[in-house]
Amino acid sequence: MAMATKFLIASLLLSLLVLHFAEAGHDLVNSNLAASSPPKKIDCGSACKARCQLSSRPRLCKRACGTCCSRCSCVPPGTAGNYEACPCYASLTTHGGRRKCP
């Protein structure tokens, strides 16, 4: 009887361990699929037009914004600031270390 109880407990623990590893593998596959999905495409022209509408140099603003938008696939809302909405957009800098994106 004692041998049967030990066998039952061991098989129960083994099955729980297998179930745990199977679930962990399933989560890993799902996270890899989410990370490899391409970023959403946005209409950079209209987004940059809205972003640069109050700029004193609208052509320069739209050109810089378009470059940043094509790299990051996002443009922060509003005409200035709000960089926290798009960290990639905020992280791009010129050779001089200044922010590239308006």
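This tour moves through the chain from its overall fold to its disulfides, a buried arginine, the core and two loop residues.

The model is predicted: local features need pLDDT of at least 70, side-chain atom pairs count only at pLDDT 80 or more, and totals for chains, interfaces and linings use all residues. Residues are numbered from 1 along each chain as its sequence is written, and side-chain values use heavy atoms, with hydrogens and water left out.

**Stop 1: the whole chain**

Begin with a cartoon of the protein chain. The display should show 4 helices and 0 strands, in the pattern α-α-α-α along the sequence. Helices (H or I, at least four residues) and strands (E, at least two) are DSSP runs, numbered from the N terminus. Colour next by accessibility: of the 102 residues, 19% count as buried. Buried means under 20% relative accessible area, exposed over 50%, and partly exposed in between (1.4 Å probe, protein chains only). Among contacts in the chain with a separation of 6 or more, 44% join residues 24 or more positions apart; contact means heavy atoms within 4.5 Å.

**Stop 2: the disulfides**

Select the cysteines and show their side chains. A disulfide is a pair of cysteine sulfur atoms within 2.5 Å, and by this rule the count comes to 6 disulfides. With bonded cysteines counted along the chain, the pairing pattern is 1-7, 2-5, 3-4, 6-12, 8-11, 9-10.

Select Cys-44 and Cys-69, whose sulfur atoms are 2.0 Å apart in a disulfide. This pair links distant parts of the chain, with Cys-44 in helix α2 (residues 44-51) and Cys-69 in helix α3 (residues 58-72), 25 residues apart. The torsion about its S-S bond is about -80°, so the disulfide is left-handed. Cys-69 counts as buried, at 1% relative accessibility.

Select Cys-52 and Cys-61, another disulfide with its sulfur atoms 2.0 Å apart. Its S-S torsion is about -75°, so this link is left-handed. Cys-52 is buried at 1% relative accessibility, and Cys-61 is buried at 10%.

Select Cys-68 and Cys-101, joined by a disulfide with an S to S distance of 1.9 Å. The bond connects distant parts of the chain: Cys-68 lies in helix α3 and Cys-101 in the segment after α4 (87-91), 33 residues apart. The torsion of -95° about the S-S bond makes the link left-handed, and both Cys-68 and Cys-101 are buried.

**Stop 3: Arg-51**

Move to Arg-51, in helix α2. Which side chain of opposite charge is nearest to Arg-51? Glu-84 is the nearest, at 8.9 Å, and Arg-51 is buried yet has no salt bridge. Lys and Arg count as positive and Asp and Glu as negative, while His and the chain ends are not counted. A salt bridge is a side-chain nitrogen of Lys or Arg within 4 Å of a carboxyl oxygen of Asp or Glu.

Display the backbone around the side chain of Arg-51. This side chain reaches the backbone oxygen of Pro-76 at 3.4 Å, and one of its polar atoms lies 3.4 Å from the backbone oxygen of Gly-78. Beyond neighbours within four places in sequence, the contacts of Arg-51 include Cys-65, Val-75, Thr-79, Tyr-83, Tyr-89 and Pro-102.

**Stop 4: Cys-65 and the nonpolar core**

Select Cys-65 in helix α3, which counts as buried at 0% relative accessibility. Not counting residues up to four places away in sequence, Cys-65 touches Cys-48, Arg-51, Cys-52, Val-75, Tyr-89 and Pro-102. Draw a distance from Cys-65 to Tyr-89: the two are 24 residues apart in sequence and 8.8 Å apart in space, C-alpha to C-alpha.

Expand the view to the largest nonpolar core, which has 15 residues; Cys-65, Val-75 and Tyr-89 have the most contacts inside it. The elements giving two or more residues to this core are α2, α3 and α4, and the largest share, 5 residues, comes from α3. A nonpolar core is a set of buried Ala, Val, Leu, Ile, Met, Phe, Trp, Tyr and Cys residues joined through side-chain atoms within 4.5 Å.

**Stop 5: two loop residues**

Most residues other than glycine have a negative phi. Select Ser-73, in the loop between α3 and α4, where phi is near 60°, a positive value. Ser-73 counts as buried, at 14% relative accessibility.

Finish at Asn-82, in the loop between α3 and α4. Phi of Asn-82 is near 55°, a positive value in a residue other than glycine. Asn-82 is partly exposed, with a relative accessible area of 32%.

Methods: Polar contact = N/O pair within 3.5 Å; in protein donor to acceptor, adjacent residues only side chain to side chain.
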